[in-house]
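The following report reads through one structure, going from a single helix to its partners and then to individual residues in loops and strands.

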Amino acid sequence: MQDATEIYNLPLMDLLYRAQTVHRAHFDPNVIQCSRLLSVKTGGCPEDCAYCSQSARNGAALPASKLMEVQKVLAEARRARDAGATRYCMGAAWRSPKERDMPAILAMVRGVKALGMETCMTLGMLDTDKALQLKDAGLDYYNHNIDTSERYYPEIITTRSFQDRMDTLERVQAAGLKVCSGGIVGMGETAEDRISMLEALAGLEEPPQSVPINMLMPMDGTPMADAPRLDPVEMVRTIATARILMPRSHVRLSAGRSGMSDELQAMCFFAGANSIFVGDWLLTAGNPDEDKDAALFARLGLRAEAPVNAGEDVPV
């Protein structure tokens with residue numbers, strides 16, 4: 001394959017043409033997979049991720065909550081399914097889940113699976129036993145973003161290493177789970193860092209089935225609260241390069257959409273993004289409301305991926 005740096009730095013029209021050509025070879029270019037994200041345990045995280053308002057270390061005034069009750073999570077999942085979401089993602093602000101938390105987590109997975117939706121969890125680092133427990137419960141995807149390049153990683157997070165992230169992904173894949181892993185752009189990294197991050201993902205034993213690309217949303221109280229906005233063209237280049245390097249992966253236009261114009265989102269879709277989060281919130285950050293997304297889809301002639309078993313529960 002052509003060098004990733006050469007791909008990223010192609011003239012923009014050539015890059016977009018190539019990315020769209022690759023995209024059409026593997027996906028319907030007018031279909032977008034829609035996921036819903038719910039924070040099942042918010043705040044109080046012991047990690048020091050500089051971008052995150054859920055860190056207990058970085059000064060953001062976000063109170064810690066307890067793990068949500070299983071039935072409340074399933075009620076939210078049912079509403080999401082009936083509104084058209086085909087994948088339900090549940091996130092907990094932990095360094096890693098404790099054994100005492102696993103029965104409730106596993107019940108959430110089984111319950112969402114019984115609604116006929118794909119299931120995704122993001123719980124921090126995983127050991128082999130917990131990865132296997134999640135697989136046995138029916139989890140489809142495990143999300144664990146690598147965030148940025150190995151070189152730039154210590155500038156963003158010091159409480160765990162880049163290799164810790166890669167080790168968790170290896171355990172997830174060994175357990176037979178699908179991987180959802182991507183990163184964040186606009187944190188002060190270089191273009192070379194963005195390219196290196198994509199190379200690390202594409203170089204896994206199997207590339208992630210889902211690759212979320214997040215634009216930094218500066219959060220008050222965090223070390224990155226005043227980070228300058230990334231040039232939007234760099235976001236498009238990152239999406240397009242991800243599509244070319246990982247042609248069969250769903251590339252998700254993730255956090256940051258609330259600050260993007262319709263035109264920038266359209267360019268990202270043309271560059272190969274074919275998944276979004278729907279709903280008003282992404283963990284602790286705002287997201288475009290569903291009416292706005294529906295209007296954008298109508299303008300662009302896009303349609304949401306058809307939900308599975310919409311409107312009826314599936315027996316466990």
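In this predicted model, the buried residues of helix H9 are Glu234, Met235, Val236, Arg237, Thr238, Ile239, Ala240, Thr241, Ala242, Arg243, Ile244 and Leu245. Because 12 of the 14 residues of H9 are buried, the helix is largely enclosed by the rest of the structure. H9 covers residues 232–245, and at 1.5 Å a residue its 14 residues should span 20 Å, which agrees with the 20 Å between its end C-alpha atoms.

**Helix packing**

One neighbour of H9 is helix H10, and the axes of the two come within 8 Å and cross at roughly 20 degrees. As angles under 35 degrees count as roughly parallel, H9 is therefore roughly parallel to H10. The crossing in which H9 passes H10 is right-handed. On the H9 side the residues that meet H10 are Pro232, Met235, Val236 and Ile239, and they face Leu264, Met267 and Cys268 in H10. Sorted by class, this contact of H9 with H10 holds seven nonpolar residues, with no polar and no charged ones. As to how such residues can share a side, an α-helix has 3.6 residues a turn, so residues three or four places apart point the same way.

H10 (residues 262–270) also packs with helix H2 (residues 12–26), where the axes come within 9 Å and cross at roughly 55 degrees. That angle makes H2 oblique to H10. Leu12, Leu16 and Gln20 in H2 meet Met267, Phe269 and Phe270 in H10, and the residues of this contact divide into five nonpolar, one polar and no charged. Met267 is thus listed in the contact of H10 with H2 and also in the contact of H10 with H9.

Elsewhere in the chain, helix H3 (residues 70–82) packs with helix H4 (residues 102–114) at an angle of about 30 degrees, the axes being 9 Å apart. H3 is accordingly roughly parallel to H4, and the crossing of H3 and H4 is right-handed. From H3, Val70, Val73, Leu74 and Ala77 take part, and they meet Ala104, Ala107, Met108, Gly111 and Val112 in H4. The contact of H3 with H4 has eight nonpolar residues, one polar and no charged.

The axis geometry of these pairs is set out below.

| Helix pair | Axis distance | Crossing angle |
|---|---|---|
| H9 and H10 | within 8 Å | roughly 20 degrees |
| H2 and H10 | within 9 Å | roughly 55 degrees |
| H3 and H4 | 9 Å | about 30 degrees |

**Residues in loops and strands**

Ser249 has its place in the loop between H9 and strand E8 (250–253). Is this loop residue buried or exposed? At 4% relative accessibility, Ser249 counts as buried. Not counting residues up to four places away in sequence, Ser249 touches Phe27, Pro207, Pro208, Gln209, Val211, Arg243 and Asn274. Of these partners, Arg243 is also one of the buried residues of H9.

Leu302 lies in the loop between helix H11 (290–300) and strand E12 (303–304), and with a relative accessibility of 13% Leu302 counts as buried. Which residues does Leu302 contact, once its neighbours within four places in sequence are left aside? They are Pro29, Asn30, Ile32, Phe269 and Phe297, and Phe269 is a residue of H10 that also takes part in the contact with H2. Although Leu302 and Val31 are 271 residues apart in sequence, their C-alpha atoms are 5.8 Å apart in space.

Asp147, in the loop between strand E4 (141–143) and helix H6 (153–156), has a positive phi of about 75 degrees although it is not a glycine. Asp147 is buried, with a relative accessible area of 2%.

Thr122 lies in strand E3 (residues 118–122). Leaving aside neighbours within four places in sequence, Thr122 is in contact with Met90, Gly91, Ala92, Tyr142 and Asn143. Thr122 and His144 are 22 residues apart in sequence, while the distance between their C-alpha atoms is 6.2 Å.

**The chain as a whole**

The secondary structure of the chain comes to 11 helices and 12 strands, and 58% of the 316 residues count as buried. Among contacts in the chain with a separation of 6 or more, 74% are accounted for by residues 24 or more positions apart.

Notes. Residues numbered from 1 in each chain as written. Predicted model: local features only at pLDDT ≥ 70, side-chain atom pairs only at ≥ 80, totals over all residues. Heavy atoms only, no water. Axes fitted to C-alpha atoms, helices over the stretch in contact; angles between N-to-C directions. Helix = DSSP H or I, 4+ residues; strand = E, 2+ residues; numbered from the N terminus. Parallel < 35°, antiparallel > 145°, perpendicular 65-115°, else oblique. Contact = heavy atoms within 4.5 Å. Nonpolar A, V, L, I, M, F, W, Y, C, P; charged D, E, K, R; others polar. Left-handed = near helix turned anticlockwise from the far one by under 90°. Buried < 20%, exposed > 50% of the residue type's maximum accessible area, 1.4 Å probe, protein only. Expected span 1.5 Å × (residues − 1).
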